[in-house]
Amino acid sequence: MASSADEPTSLRNETDDSAASDQRAINRELELFRGSAVSLSQAMAIAEALHAGATTADVSFDGAPEAPVYRVKTLHKDRIWHHAIDAATGKPVGGEAALPLKEFDANDRSNLVALKTVRHGLADAVRVAEHAAAGKAISGGLIRERGRLNFAIVVMSGNDLKAVVLEPPGAARRR
């Protein structure tokens, strides 16, 4: 049986089922995020406290494990540390892992080295983005657009997700 667009009905149904399944997964993740007791900023602070002087390079909410966590990557002494912070308790879970900067490609290394030199970090960018978008940040990290280092923050505002891109003060000089 074919549809009016000459697409087999079974193919169209599989695509519709897949899209519906994807939307249910997204809705589930967002619902878990809404119910999390720990904020993204708190998870960053917890991960940074594990290594004195560390700064967050990337953070995101992950509702896929048994217990929702924040995946936090911190930069400390030329290493990127990977942490999982329980979104309900704020406790680190599952240990930690570290990779030396030399194992990253040149673009990532360049971004991470620039992160060390900016006056305002990701935590500052999250606060600004949450205020600007009137919501709660669900993820954040570094991106490079047109040769400039920026922070990209995704904020949940009501039922909407908003992307906020901020250039750290002085980053334009650090190309």
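Here are two short exercises on a helix and a pocket in the structure above.

This is a predicted model, in which local features need pLDDT of at least 70, side-chain atom pairs count only at pLDDT 80 or more, and totals for chains, interfaces and linings use all residues. Residues are numbered from 1 along each chain as its sequence is written, and side-chain values use heavy atoms, leaving out hydrogens and water.

**Exercise 1.** Work out which residues of H4 are buried and how they are arranged around the helix axis.

*Solution.*
- Step 1. Find the buried residues (under 20% relative accessible area, 1.4 Å probe, protein chains only). In H4 they are Leu122, Ala125, Val126, Ala129, Glu130 and Ala133.
- Step 2. Look down the axis of H4: the buried residues fall within an arc of 130° (taken from the directions from the helix axis to the C-beta atoms), so they line one face.
- Step 3. Recall the helix rule: an α-helix has 3.6 residues a turn, so residues three or four places apart point the same way.
- Step 4. Turn to the face away from the buried side, where His131 and Ala132 are exposed (over 50% relative accessible area).

**Exercise 2.** Find which residues line the largest pocket, and sort them by character.

*Solution.*
- Step 1. List the lining: Ala57, Asp58, Lys73, Ile80, Phe104, Asp108, Asn111, Leu112 and Leu142.
- Step 2. Match elements to the list: strand E1 (55–62) and helix H3 (106–117) each give two or more residues. H3 gives the largest share, three residues.
- Step 3. Sort the lining residues: five are nonpolar, one is polar and three are charged.

Conventions: 1 Å grid on protein atoms, 1.4 Å probe; cavity = no way out; pocket = protein on both sides within 12 Å on 5 of 7 lines; lining within 4 Å. Helix = DSSP H or I, 4+ residues; strand = E, 2+ residues; numbered from the N terminus. Nonpolar A, V, L, I, M, F, W, Y, C, P; charged D, E, K, R; others polar.
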